[in-house]
Amino acid sequence: MSIVDSVTKAMVPIHREGWPFIAIALVATLVVGYFISPLFWIGLFFTGWVCYFFRDPSRVTPVGDGLVVSPADGVVSQVGLARPPVELELGTEPLMRVSIFMNVFNCHVNRAPIGGRIVRVAYRAGKFLNAELDKASDDNERNGLVIEAGDTRIGVVQIAGLVARRIVCFVREGESLSAGERFGLIRFGSRLDVYFPVGTQPKVALGQTMIAGETLLADLAQPQGTAQTLTRVS
């Protein structure tokens with residue numbers, strides 16, 4: 001393999017949503033740097049960070065009946081029972097919820113946790129509180145999907161954060177997704193909530209690092225129990 005091939009394969013693609021922001025950052029850097037040369041290097045560093053933020057790497061998704069994968073990169077910030085947003089029409093009873101917090105250094109491209117048909121897409125305007133707070137699920141701007149696979153329905157909610165001001169969703173009701181397929185992104189720090197069917201026992205724990213489209217959240221095909229996931233930090 002040549003050096004050129006090695007460098008090319010090491011480069012991560014940039015999502016199309018990021019190109020306008022990269023162009024703005026680059027133009028601003030050139031203009032400001034022309035008048036104040038020290039700021040050119042600061043602007044160049046910022047432009048590089050914008051490129052990094054909108055990276056869209058390929059992912060290897062495990063495929064199998066009942067497998068639910070993480071829809072986002074980030075860290076598990078909450079695991080427990082919670083009532084799903086009313087607009088998802090998943091009922092009023094508490095469901096198992098896993099929340100994944102994305103900071104400004106995480107890849108923000110969101111992926112489908114399971115394959116199936118989108119039966120609900122619901123946007124709701126709101127505040128821009130810190131996405132790590134529990135009340136962000138109720139108060140913040142959000143966009144929710146319900147994906148149906150046979151008799152199973154999974155709710156996925158994109159939640160804007162303190163810095164995030166724009167939720168982007170690429171899909172519509174009636175469309176079908178494969179597990180791990182891209183369905184949206186959130187710009188500049190945010191959170192995703194996943195709501196599982198009643199009785200689901202997640203396979204992740206608080207503080208665990210997630211990789212969108214790869215990390216297994218739950219296996220619905222296995223018998224579900226109430227035991228808590230045991231973990232060890234090393």
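**Pockets, a cavity and a few loop residues**

The second largest pocket holds about 220 Å³ of space. A total of 15 residues line this pocket, and those closest to its centre are G64, G66, L67, I114 and G115. Sorted by class, the lining comes out as 9 nonpolar, 5 polar and 1 charged residues. Strand β1, which covers residues 67-69, is the biggest contributor to the lining of the second largest pocket, putting in 3 residues. The model behind these numbers is a predicted one.

Stepping back to the whole chain, the protein has 234 residues, and 44% of them are buried. Its secondary structure runs to 4 helices and 13 strands. Take the contacts between residues at least 6 apart in sequence: 73% of these join residues at least 24 apart. On the outside, the accessible surface adds up to about 12,500 Å², with 60% of that belonging to carbon and sulfur atoms.

Enclosed space is the next topic. Rolling a probe the size of a water molecule over the atoms shows where empty space is left. For this model, the search turns up 1 cavity of 30 Å³ or more. The largest cavity has a volume of about 30 Å³. Its walls are made by H15, F53, F54, R55, H108, V109, L185 and I186. That lining splits into 5 nonpolar, 2 polar and 1 charged residues.

Two of the cavity-lining residues, F53 and R55, turn up again in the surroundings of N106, which touches F53, R55, D73, G74 and F101 once residues up to four places away in sequence are set aside. N106 itself sits in the loop between β3 (95-102) and β4 (109-111). Despite that loop address, N106 counts as buried because its relative accessible area is 17%, below the 20% cut-off. The side chain of N106 also has a polar partner in the backbone: one of its polar atoms lies 2.8 Å from the backbone nitrogen of N103.

V104 belongs to the loop between β3 and β4 as well. With a relative accessibility of 26%, V104 is partly exposed, since that class takes in values between the 20% limit for buried and the 50% limit for exposed. F53 comes up here too: V104 and F53 are 51 residues apart in sequence, yet their C-alpha atoms are 7.1 Å apart in space.

Another loop residue, E89, lies between β2 (74-82) and β3. E89 is exposed, because its relative accessible area is 56% and the exposed class starts over 50%. The backbone of E89 is worth a look as well: its phi is near 60 degrees, a positive value in a residue that is not glycine.

Finally, there is I159, which is part of strand β7, spanning residues 152-160. The relative accessibility of I159 is 0%, so this residue is classed as buried. Going by sequence, I159 and L192 are 33 residues apart, while the distance between their C-alpha atoms is 5.9 Å.

Terms used
Residues numbered from 1 in each chain as written. Predicted model: local features only at pLDDT ≥ 70, side-chain atom pairs only at ≥ 80, totals over all residues. Heavy atoms only, no water. Helix = DSSP H or I, 4+ residues; strand = E, 2+ residues; numbered from the N terminus. Buried < 20%, exposed > 50% of the residue type's maximum accessible area, 1.4 Å probe, protein only. Contact = heavy atoms within 4.5 Å. Areas by Shrake-Rupley, 256 points an atom, 1.4 Å probe, with all protein chains shown as cover. Polar contact = N/O pair within 3.5 Å; in protein donor to acceptor, adjacent residues only side chain to side chain. 1 Å grid on protein atoms, 1.4 Å probe; cavity = no way out; pocket = protein on both sides within 12 Å on 5 of 7 lines; lining within 4 Å. Points joined across faces, edges and corners; volume = space filled by probe spheres on them. Nonpolar A, V, L, I, M, F, W, Y, C, P; charged D, E, K, R; others polar.
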